[in-house]
Amino acid sequence: MKDLYRLMPEEMEKMVVDIGQQRYRADQILYPLYYKFPKDISELRQLPSAIRDKLVLEGFMIGSATEIHRVVSDDGDTTKLLLNLVDGTPVETVLIQYPSTKINGHPRSTICVSTQVGCAMGCVFCATGQMGFMRNLKAEEIIAQVIHFADLLAKRNQHITNLVFMGMGEPLANYDETIRAVRLLTHQRGFGIGQRNITISTIGIISGIDRLADEDLQIGLAISLHAPNDKLRQKLVPTAKPNSVNDLIAAGKRYFMKTGRRVTFEYALIEGVNDSLEIARELALLLKGNGSHVNLIPINPTAGNFQRPNRKNVIEFEKILYNAGVNCTVRVEKGSEISAACGQLRTDIIG
Ligand code: SF4
């Protein structure tokens with residue numbers, strides 16, 4: 001079966017012409033796909049039934065996700081869904097809302113999408129990493145997660161304002177499908193979200209960062225650093241060996257020079273592992289003057305034995321970076337009690 005969500009607008013036009021229809025029919029498919037969220041071709045009511053029948057005959061379908069399980073945080077701002085994709089593959093996707101931040105009168109609503117089932121990068125503090133790698137998601141499967149939440153929000157008269165590729169998996173290890181999804185989601189005849197409202201997070205696949213810089217996209221990049229030196233980083237991210245910390249900083253600089261988009265370095269703070277004040281000073285020295293931004297993320301409870309540092313430590317760590325002139329924020333974690341926060345997604349322990 002061929003999923004209509006896979007097709008770029010130009011490919012949709014070619015497809016309708018190929019099945020003997022006029023080019024303008026493409027928009028009669030695209031508009032409902034991205035604004036009405038049909039689950040089946042029979043719901044594409046702008047199309048004459050003969051064309052709908054023809055699409056089915058040609059093997060097309062609409063690949064929507066099915067909700068299997070929903071968990072909502074106590075404050076109602078975070079919703080984690082276990083979704084089944086068309087072939088029954090389970091995947092986790094999270095909605096994080098910030099009711100006090102309004103965008104055009106609507107609460108900021110960020111969807112954290114998964115790009116793989118499991119992950120091969122094996123970060124020792126990450127629940128997804130501990131699952132191992134199962135498979136890459138296709139572009140249409142990434143889009144299905146977004147559309148599911150777009151439909152859910154539309155019913156509340158709200159909409160998605162931001163997308164982060166920070167769910168299960170390493171997006172740049174599934175490069176082509178991730179970029180195809182980004183292009184469909186940002187296309188004016190597709191989902192139409194602004195490129196600047198999208199962030200891709202990577203553990204540091206340098207060839208992928210350089211490719212992304214050449215895509216002529218205005219999306220944000222977050223590089224997960226987690227340590228200021230190679231020895232410590234390789235302990236936390238065992239697959240990081242081929243790339244040194246300095247290589248990553250240089251790749252971030254190249255991305256900034258090409259795109260003009262400031263790069264964020266993500267730093268998961270783990271008690272007794274990478275949160276000492278000495279390490280903070282080393283990090284400050286490394287990042288001082290390079291214009292990037294550091295996002296400190298006090299680690300969330302996961303299956304491992306890692307602990308979140310106490311608040312005082314986090315503040316001290318931040319202060320050292322700040323005093324060295326390094327732009328820095330501490331991420332306000334939402335949803336950790338429902339295992340929906342960074343590093344907590346895995347499909348077998350939902351709930
Ligand atoms: S932190 Fe990201 S890259 Fe590392 S194992 Fe988890 S999902 Fe993969």
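Where in the chain is Phe-37 found? Let us start there, and then move through a predicted model one close-up at a time.

**Figure 1. Phe-37, in the loop between helix 2 and helix 3.** This residue comes after helix 2 and has a positive phi, near 55 degrees, although Phe-37 is not a glycine. Most residues other than glycine have a negative phi. Is Phe-37 buried or exposed? Neither label fits: with 17 C-beta neighbours inside 10 Å, Phe-37 counts as partly exposed. Look also for Asp-151, which is 114 residues from Phe-37 in sequence and 6.3 Å from it in space, C-alpha to C-alpha. Asp-151 belongs to helix 5 (residues 139-154) and is partly exposed too, with 15 other C-beta atoms within 10 Å.

**Figure 2. The buried residues of helix 2 (residues 25-35).** Six names are worth finding here: Arg-25, Ala-26, Ile-29, Leu-30, Leu-33 and Tyr-34 are the buried residues of this helix. They cover an arc of only 145 degrees around the axis, so they sit on the same side of helix 2. An α-helix has 3.6 residues a turn, so residues three or four places apart point the same way. What do the buried residues of helix 2 pack against? Their partners are helix 1 (9-18) and helix 3 (49-57).

**Figure 3. An open sheet of 10 strands.** Follow the strands across in the order 3-4-5-6-9-10-11-12-13-14, and you will meet mixed pairing along the way. Which strands stand at the edges? They are strand 3 (66-72) and strand 14 (327-330), each with a single partner strand, so one side of each is left without a neighbour in the sheet. On average, neighbouring strands of this sheet are turned by 25 degrees against each other, direction ignored. Strands of a sheet pair through backbone hydrogen bonds, either parallel or antiparallel.

**Figure 4. The hairpin of strand 3 and strand 4.** These two strands pair in the antiparallel sense over 6 bridges, and one place to see this is Val-72, whose bridge partner in strand 4 is Thr-79. The hairpin has 5 residues between its strands, and Gly-76 in the turn has a positive phi of about 80 degrees. Strand 4 (residues 78-84) has 6 of its 7 residues buried, so it is largely enclosed by the rest of the structure.

**Figure 5. From strand 4 to strand 5 and on to strand 6, by way of two hairpins.** Strand 4 and strand 5 (residues 90-103) run antiparallel and are joined by 7 bridges. Two pairs help you to line them up: Lys-80 has Val-94 as its bridge partner in strand 5, and Thr-78 stands opposite Ile-96 in strand 5. In this hairpin 5 residues lie between the strands, and Gly-88 in the turn has a positive phi of about 90 degrees. Ile-96 also stands opposite Thr-110 in strand 6. Strand 5 and strand 6 (residues 106-112) run antiparallel, again with 7 bridges joining them. How many residues lie between strand 5 and strand 6 in their hairpin? There are 2, and Asn-104 in the turn has a positive phi of about 50 degrees.

**Figure 6. A parallel pair, strand 10 and strand 11.** Strand 10 (residues 198-202) and strand 11 (residues 220-224) share 4 bridges in the parallel sense. To find your bearings, look for Thr-202, which stands opposite Ile-223 in strand 11. Beyond this pair, the loop between strand 11 and helix 8 holds His-226. Phi of His-226 is near 65 degrees, a positive value in a residue other than glycine. His-226 counts as buried, with 26 C-beta neighbours inside 10 Å.

**Figure 7. Val-237 and the surroundings of the ligand.** Val-237 lies in the loop between helix 8 (230-236) and helix 9 (245-259). This residue is buried, with 23 other C-beta atoms within 10 Å. Which residues does Val-237 touch, not counting those up to four places away in sequence? The contacts are Met-121, Cys-123, Ile-203 and His-226. Met-121 and Cys-123 also appear in the ligand's surroundings: of the 12 residues around the ligand, they come nearest together with Cys-119, Cys-126 and Gly-129. The shell divides into 6 nonpolar, 5 polar and 1 charged residues.

Note on methods:
Residues are numbered from 1 along each chain as its sequence is written. This is a predicted model: local features need pLDDT of at least 70, side-chain atom pairs count only at pLDDT 80 or more; totals for chains, interfaces and linings use all residues. A residue is near a molecule or strand if its C-beta atom, placed from the backbone, lies within 6 Å of it. Ala, Val, Leu, Ile, Met, Phe, Trp, Tyr, Cys and Pro count as nonpolar, Asp, Glu, Lys and Arg as charged, and the others, Gly among them, as polar. Two strands pair if DSSP finds at least two bridges between them. Axes are lines fitted to C-alpha atoms, for helices over the stretch in contact, and angles run from 0 to 180 degrees between N-to-C directions. A residue is buried if 20 or more other C-beta atoms lie within 10 Å of its own, exposed if 12 or fewer, and partly exposed in between; C-beta atoms are placed from the backbone. The arc is that of the directions from the helix axis to the C-beta atoms. Two residues are in contact if their C-beta atoms, placed from the backbone, lie within 7 Å.
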